[in-house]
Amino acid sequence: PPPPPPPPPFFFHPQPAIPDPLWSRGLGDVYKRQTLAFPKVLNASSSLKIIDGDTIILNSVKIRFYGIDTPEIKQTCIDNYGHTYSCGIRAKLELEKIIGSRKISCIKKTKDRYKRSISICYVDENDINSLMVKRGWALAYRKYSKKYVKDEAIAKLNDAGMWSGKFIAPWKWRRMKNKKVR
């Protein structure tokens, strides 16, 4: 007989031994439970598409990085020489550089109103969300989390990425663009 299959590369969350009403209603992916929470690990990348600096599609699941916000693709910033550049595209390029051709995995925290998985993602056990903030191409999204505030302070202190020039916080930039459209 053939050997048994290898164990899965990441841990999984089996159904609890004690009946849990969330599981019986098919809501096992709700992780804001007050009791023991099992984070959902999305398998390492076999199919990856980078949308922008804080959004990817991993194995057909749309993922928004938890606790950070990067410039939108069409957003521009001003560098330390006073020149305008596309900081949204630059943030996407930085994410591509961080990931390279390596496999990534993500731990789902929740879902947003657009049904995207809000996740912390890793490459070589390094928190990608944190790296984007430390390198200055993402801001800590304080509205949703304080997890990356210290990383932002490091980036600002080192004039990393956008911090070397002038920029509008992505959430403010989106608000300004939405007002112009209306």
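Reader: Why is tyrosine 144 called exposed?

Author: Its relative accessible area is 52%, and exposed means over 50%, buried under 20% and partly exposed in between (1.4 Å probe, protein chains only), so the word fits tyrosine 144. This is a predicted model, where local features need pLDDT of at least 70, side-chain atom pairs count only at pLDDT 80 or more, and totals for chains, interfaces and linings use all residues. Residues are numbered from 1 along each chain as its sequence is written, and side-chain values use heavy atoms, leaving out hydrogens and water.

Reader: Thanks! What makes tyrosine 141 buried?

Author: Tyrosine 141 has 12% relative accessibility, so it counts as buried.

Reader: How do you know that tyrosine 141 and tyrosine 144 form an edge-to-face pair?

Author: Rings of Phe, Tyr and Trp (its six-membered ring) pair if their centres lie within 6.5 Å; planes under 30 degrees apart are stacked, over 60 edge-to-face, and the rest tilted. Here the centres are 4.9 Å apart and the planes make 85 degrees, so the pair is edge-to-face. Tyr141, Tyr144 and Trp171 form one aromatic cluster.

Reader: And what makes tryptophan 163 buried but phenylalanine 167 partly exposed?

Author: Tryptophan 163 is at 17% and phenylalanine 167 at 23%, so they fall on opposite sides of the 20% limit.

Reader: Why does the charged end of lysine 109 count as sitting over the ring of tyrosine 66?

Author: The rule asks for NZ of Lys or CZ of Arg within 6 Å of the ring centre and within 35 degrees of the ring normal. For lysine 109 the distance to the centre of the tyrosine 66 ring is 5.0 Å, so the distance condition is met.
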